[in-house]
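Trainee: Before I rely on the labels attached to this structure, I would like to go through the reasoning behind some of them.

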Amino acid sequence: RLELSGIKGTLHVYAIYLDPGCWKRRNRQMQKIIGAYNTNAHNLLLGDFNFTLCSNDRISKSCEPHGDNYTDKKNAEAWRQACEQMQLKELSQGQMTGENRFGWSRIDRAYTNLHAVDISMMHTACFLLEQPRHLSEHRPFAVVFARRNAKQSRPIPSWVIQHPDFRKELHG
C-alpha cells in the first residue's frame, strides 16, 4: 500500500496481485487487504486479482473451459463480501485484460471507496492501454479522477433529492 497524505486528505493505493494458483491463498490475501484497509482514506485498489467475477469474464480459445469456474466463484463471493464491507465500487471497463494460449479474461480490475455522489461530481474513467506483448499477457489500464471546475459542475437534480431513499443512500 502506498500512503499519500496532504492538506486535502489521504489517498491509499493498493497494488494488487493475488495468487494465480490457489483460491484459498487468494481468500487469505483478501483478508490481509481488509486488515490493512483504512476507512478514513480514499482507497484505490487496482491490479491483477487472478479470478473473474462472472462467467462472461472468461472466453476460451478452444472447446475446453478456460479457468476454474468453481474457484473463481469461491473467490468472487469472498470478494463481493469484502467490497460490501469496505464499501468499494468497481471502476469498470468491459474489455478483456488478459490473453494467453488458453483464452481471454477480465481479471485486472480497479476499485474505489469514494461515495457515489463524489464520483458523480468528478470526471472518472478506467480504460485499457496498449498491451506490451513482449512484457506481459495482461493489458495495463489507467484510472482517472479529475475534479470538475465550477462551469462543469452538475447540480444534483431535485427529483433525486426528493426521492424517499435519497437520505438513506447518501448516508450509506
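Trainee: Which residues is L88 in contact with, once its neighbours within four places in sequence are left aside?

Mentor: In this predicted model, L88 is in contact with Y37, L45, W79, C83, Y111, T112 and N113, where contact requires heavy atoms within 4.5 Å. L88 itself is found in the loop between helix 2 (69-86) and strand 5 (89-90), and its C-alpha is 7.6 Å from that of L114, although the two are 26 residues apart in sequence.

Trainee: Why is L88 called buried?

Mentor: The relative accessible area of L88 is 10%, and buried means under 20%, so L88 is buried.

Trainee: How do you know whether N50 is buried or exposed?

Mentor: The same reasoning applies: N50 has a relative accessible area of 11%, and because the limit for buried is under 20%, N50 counts as buried. This residue is found in the loop between strand 3 (42-48) and strand 4 (58-60), and its contacts beyond four places in sequence include Y17, L18, D19 and P20, as well as R26, R58, D72 and I107.

Trainee: What makes the pair of N50 and L18 a candidate for a polar contact?

Mentor: A polar atom of the N50 side chain lies 2.6 Å from the backbone oxygen of L18, and the distance criterion is a pair of N or O atoms within 3.5 Å.

Trainee: Why is the pairing of D19 and R25 called a salt bridge?

Mentor: Their side chains meet at 2.8 Å, N to O, and the definition asks for a side-chain nitrogen of Lys or Arg within 4 Å of a carboxyl oxygen of Asp or Glu, so the pair qualifies. As for accessibility, D19 at 16% counts as buried, whereas R25 at 40% is partly exposed.

Trainee: What makes K61 and E99 a salt bridge, and where are the two residues found?

Mentor: Their closest N and O atoms are 2.9 Å apart, which is set against a limit of within 4 Å, and therefore the pair counts as a salt bridge. The pair links distant parts of the chain, with K61 in the loop between strand 4 and helix 2 and E99 in strand 6 (residues 98-99), 38 residues apart. K61, at 39% relative accessibility, counts as partly exposed, and E99, at 22%, is also partly exposed.

Trainee: How many salt bridges does a search of the whole structure find?

Mentor: The search finds seven, and salt bridges that share partners join D57, E90 and R106 into one network.

Notes. Residues are numbered from 1 along each chain as its sequence is written. This is a predicted model: local features need pLDDT of at least 70, side-chain atom pairs count only at pLDDT 80 or more; totals for chains, interfaces and linings use all residues. Side-chain values use heavy atoms; hydrogens and water are left out. Helices (H or I, at least four residues) and strands (E, at least two) are DSSP runs, numbered from the N terminus. Buried means under 20% relative accessible area, exposed over 50%, partly exposed in between (1.4 Å probe, protein chains only). A polar contact is a pair of N or O atoms within 3.5 Å; within protein, one must be able to donate a hydrogen and the other to accept it, and residues adjacent in sequence count only if both atoms are side-chain atoms.
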